[in-house]
Amino acid sequence: MTERRLLLVNGPNLNLLGTRQPEIYGRETLADVEDLVRDRAARRGFDIRALQSNHEGVLIDAIHAARADCAGIVINPGGLTHTSVALRDALAGVSLPVAEVHISDIAARESFRQFSYVRDVAVVHVIGEGIAGYGRATDALIALITGDGAAGGVP
């Protein structure tokens, strides 16, 4: 591994964290998420490039670009989790390890939210732990990348 950088991807509507349905998603903001991941990555000598977009193509382009300078991807695809084969194919196509994060427990929500196109391409899954899940996913992904099982993995 030559790069010590992660791509942090947040999909549609995650720019509204803190104000959108706080009873489900909490009061923390997207900036809080980015700060959390940046801090957790820095503890292990990694930096992050963070991107949030409400546009599927922008997310796919960023995932493709990550091949050049990232060691892995932490992603909360938002609603695209349940609808986007194209996003799933982009993640599979770049051959980088992926950590899938969801703030809420998608398995306990509406039936249409219970399926994830990302699930089978991700090596780490952290679901329903609020924004703290991003930190746990970051730790587990870096542990897999570096081969440091002591950092703890999340299947």
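Where is the place of arginine 4? Arginine 4 sits in the segment before strand 1. Strands (E, at least two residues) and helices (H or I, at least four) are DSSP runs, numbered from the N terminus.

This is a predicted model: local features need pLDDT of at least 70, side-chain atom pairs count only at pLDDT 80 or more, and totals for chains, interfaces and linings use all residues. Residues are numbered from 1 along each chain as its sequence is written, and side-chain values use heavy atoms, with hydrogens and water left out.

**Arginine 4**

Arginine 4 has 35% relative accessibility, so it counts as partly exposed. The scale runs from buried (under 20% relative accessible area) through partly exposed to exposed (over 50%), with a 1.4 Å probe and protein chains only. Leaving out residues up to four places away in sequence, arginine 4 touches Arg44, Gly45, Phe46, Asp47 and Thr146. Contact here means heavy atoms within 4.5 Å.

The table lists polar contacts: pairs of N or O atoms within 3.5 Å; within protein, one must be able to donate a hydrogen and the other to accept it, and residues adjacent in sequence count only if both atoms are side-chain atoms.

| Side chain | Partner atom | Distance |
|---|---|---|
| Arginine 4 | Backbone oxygen of arginine 44 | 2.6 Å |
| Arginine 4 | Backbone oxygen of glycine 45 | 3.2 Å |

**The cores**

A nonpolar core is a set of buried Ala, Val, Leu, Ile, Met, Phe, Trp, Tyr and Cys residues joined through side-chain atoms within 4.5 Å. The largest one has 25 residues. Leu6, Leu8, Val33, Phe46, Val74, Ile103 and Tyr134 touch the most other members. Strand 1, helix 2 (30–43), strand 4 (98–102), strand 5 (124–127) and helix 5 (132–146) each give two or more residues to this core. Helix 5 gives the most, with six residues.

A second, separate core holds 20 residues, including Ile60, Ile63, Val94 and Val118.

**Helix 3**

Which residues of helix 3 (residues 56–65) are buried? They are Leu59, Ile60, Ala62 and Ile63. Seen down the axis of helix 3, these buried residues fall within an arc of 160°, so they line one face. The arc is taken from the directions from the helix axis to the C-beta atoms. They pack against strand 1 (5–10), strand 2 (47–52), strand 3 (72–76) and helix 4 (85–93).

**Strand 5**

Strand 5 alternates. Val124 and Val126 point to one face and are buried, while His125 and Ile127 point to the other and are not. Strands 4 and 5 run parallel, joined by four bridges. Two strands pair if DSSP finds at least two bridges between them. Glutamate 100 has histidine 125 in strand 5 as its bridge partner.
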